[in-house]
Amino acid sequence: MKQFISVQDVPDINALVKKALDYKQDPLKDQLLGVGKRIGLLFLNPSLRTRLSTQIAARNLGMEVIVFNVDKDGWALEFEEGAIMSGNTVEHVKDAAPILGQYFDILCIRTFPSLKNREDDYSELVIQSFAAYAGIPVVSLESATLHPLQSLTDIITIQETFKDNKRPKIVLTWAPHVKPLPQCVANSFAQWVNAWNGADFIITHPADYELAGEFTKGATIEYNQDKALEGADYIYVKNWSTYTDYGKIYSNDPGWMLTEEKLQLTRFARVMHCLPVRRNVELSDEILDGPSSLVTREAGNRVWAAQAVLSEILIDKS
Ligand code: CP
């Protein structure tokens with residue numbers, strides 16, 4: 001694997017899932033693979049799970065890890081081609097990224113969208129600039145539109161928990177939230193489930209919360225949440241702000257919060273969320289603290305997803 005920015009960088013999803021589950025059984029089986037290699041984790045935004053799980057994954061492969069909080073400790077970066085840098089930005093990505101390419105063997109980046117300008121965010125200017133100028137493999141730790149390490153983890157979690165001899169029914173449902181959030185996790189989950197093609201997939205949300213068709217193509221869209229939940233095996237809960245009239249909250253109907261009562265419509269569905277979660281806004285305490293919740297297992301699996309991806313990149317580089 002040359003980079004990991006979207007599902008399109010993955011030649012075989014099932015093989016990558018199997019590799020991750022093999023690492024879960026035997027975390028140190030490739031502990032010499034990354035010896036003498038250095039990985040840089042650049043954070044332009046906060047993180048708990050991604051920051052820690054990717055470090056553990058890299059160390060399991062023998063790599064040296066350096067974490068750099070660009071948002072707090074770095075120079076303000078400029079990304080615009082031809083910019084006259086007389087404002088607040090101090091260093092152009094064209095100058096910074098090649099230096100990072102000298103320091104590291106793999107560069108990982110977290111960069112959230114502005115939610116102000118859809119064209120800028122959906123062009124993935126920040127992560128694509130690092131990929132263009134660093135000269136080394138780049139791994140997304142969540143970018144403006146996608147969160148592929150989370151989505152790989154989600155497929156791993158479904159694969160390891162689904163024991164029936166049929167295709168699972170997966171429902172991605174919008175949930176209320178107190179502030180406008182990116183579409184990344186929902187876009188990415190839709191992109192991966194569609195590419196995986198191992199499930200019947202329904203997306204449910206209020207009108208006006210349509211996601212970009214490039215990611216949802218292949219899924220059924222259902223505006224009636226109760227109808228969508230009927231017979232579900234997995235429910236993936238996530239808030240996102242509007243895509244069409246970009247970055248806004250339209251309705252924030254608390255009736256869309258998943259509750260134990262709604263779970264009765266399903267086929268004993270397991271409930272997933274990428275975390276962090278706003279309790280009793282997005283998901284009720286009774287679900288998060290109950291037996292249907294997969295959220296802790298899901299977050300634990302972030303290590304194996306990251307380890308499988310880094311391993312594939314190291315093998316490709318060697
Ligand atoms: N799910 C996820 O990416 O969590 P963090 O934002 O804490 O890394």
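User: What makes the space of the second largest pocket a pocket, and how much of it is there?

Analyst: About 380 Å³ of space lies in the second largest pocket. On a 1 Å grid over the protein atoms alone, a pocket is an open set of points with protein on both sides within 12 Å along at least five of seven lines, whereas a cavity is a set of points where a 1.4 Å probe fits but cannot get out. Grid points are joined across faces, edges and corners, and the volume is the space filled by probe spheres set on the points. Lining residues have an atom within 4 Å of a point. Of the 19 residues that line the second largest pocket, the closest to its centre are Phe 79, Thr 111, Phe 112, Ser 114 and Val 126. The model is predicted: local features need pLDDT of at least 70 and side-chain atom pairs count only at pLDDT 80 or more, while totals for chains, interfaces and linings use all residues. Residues are numbered from 1 along each chain as its sequence is written, and side-chain values use heavy atoms, with hydrogens and water left out.

User: Which helix gives the most to the lining of the second largest pocket?

Analyst: Helix H6 gives the most, with 3 residues. Helix H5 (118-122) and helix H6 (125-134) each supply at least two residues of this lining. Helices (H or I, at least four residues) and strands (E, at least two) are DSSP runs, numbered from the N terminus.

User: What classes make up the linings of the second largest pocket and the largest pocket?

Analyst: The lining of the second largest pocket has 12 nonpolar, 3 polar and 4 charged residues. The lining of the largest pocket has 13 nonpolar, 7 polar and 8 charged residues. Ala, Val, Leu, Ile, Met, Phe, Trp, Tyr, Cys and Pro count as nonpolar, Asp, Glu, Lys and Arg as charged, and the others, Gly among them, as polar.

User: How much space lies in the largest pocket, and which domains does its lining draw on?

Analyst: About 610 Å³ of space lies in the largest pocket. Of its 28 lining residues, the closest to its centre are Phe 112, Glu 142, Leu 181, Pro 182 and Pro 276. The lining draws at least three residues from each of domain 1 (7-146 + 302-317) and domain 2 (150-299); the domain bounds come from an automatic or database domain assignment.

User: What is notable about the peptide bond from Leu 275 to Pro 276?

Analyst: That bond is cis, with omega near 5°. Most residues other than glycine have a negative phi, and most peptide bonds are trans. Pro 276 lies in the loop between strand S11 (270-272) and helix H12 (285-288).

User: Why is Leu 115 given its accessibility class, buried or exposed?

Analyst: Buried means under 20% relative accessible area, exposed over 50%, and partly exposed in between (1.4 Å probe, protein chains only). Leu 115 has 15% relative accessibility, so Leu 115 counts as buried. Leu 115 is found in the loop between S5 and H5, and its phi is near 60°, a positive value in a residue other than glycine.

User: Why is Asp 208 placed in its accessibility class?

Analyst: Asp 208 has 40% relative accessibility and therefore counts as partly exposed. Asp 208 is in the loop between S8 and helix H9 (213-216), with a positive phi of about 85° although it is not a glycine.

User: How do you know which strands S8 is joined to?

Analyst: Two strands pair if DSSP finds at least two bridges between them. Strand S7 (residues 169-174) is joined to S8 by 5 bridges and runs parallel to it, so the pairing criterion is met. The chain crosses from S7 through helix H8 (residues 184-196) to S8, and this β-α-β crossover is right-handed: with the strands pointing away from the viewer, the path from the first strand over the helix to the second runs clockwise. Strand S9 (residues 220-222) is joined to S8 by 3 bridges, also in the parallel sense. Ile 203 has Ile 221 in S9 as its bridge partner, and Thr 173 stands opposite Thr 204 in S8.

User: Why is Glu 222 given its accessibility class?

Analyst: Glu 222 has 18% relative accessibility, so Glu 222 counts as buried. Glu 222 lies in strand S9.
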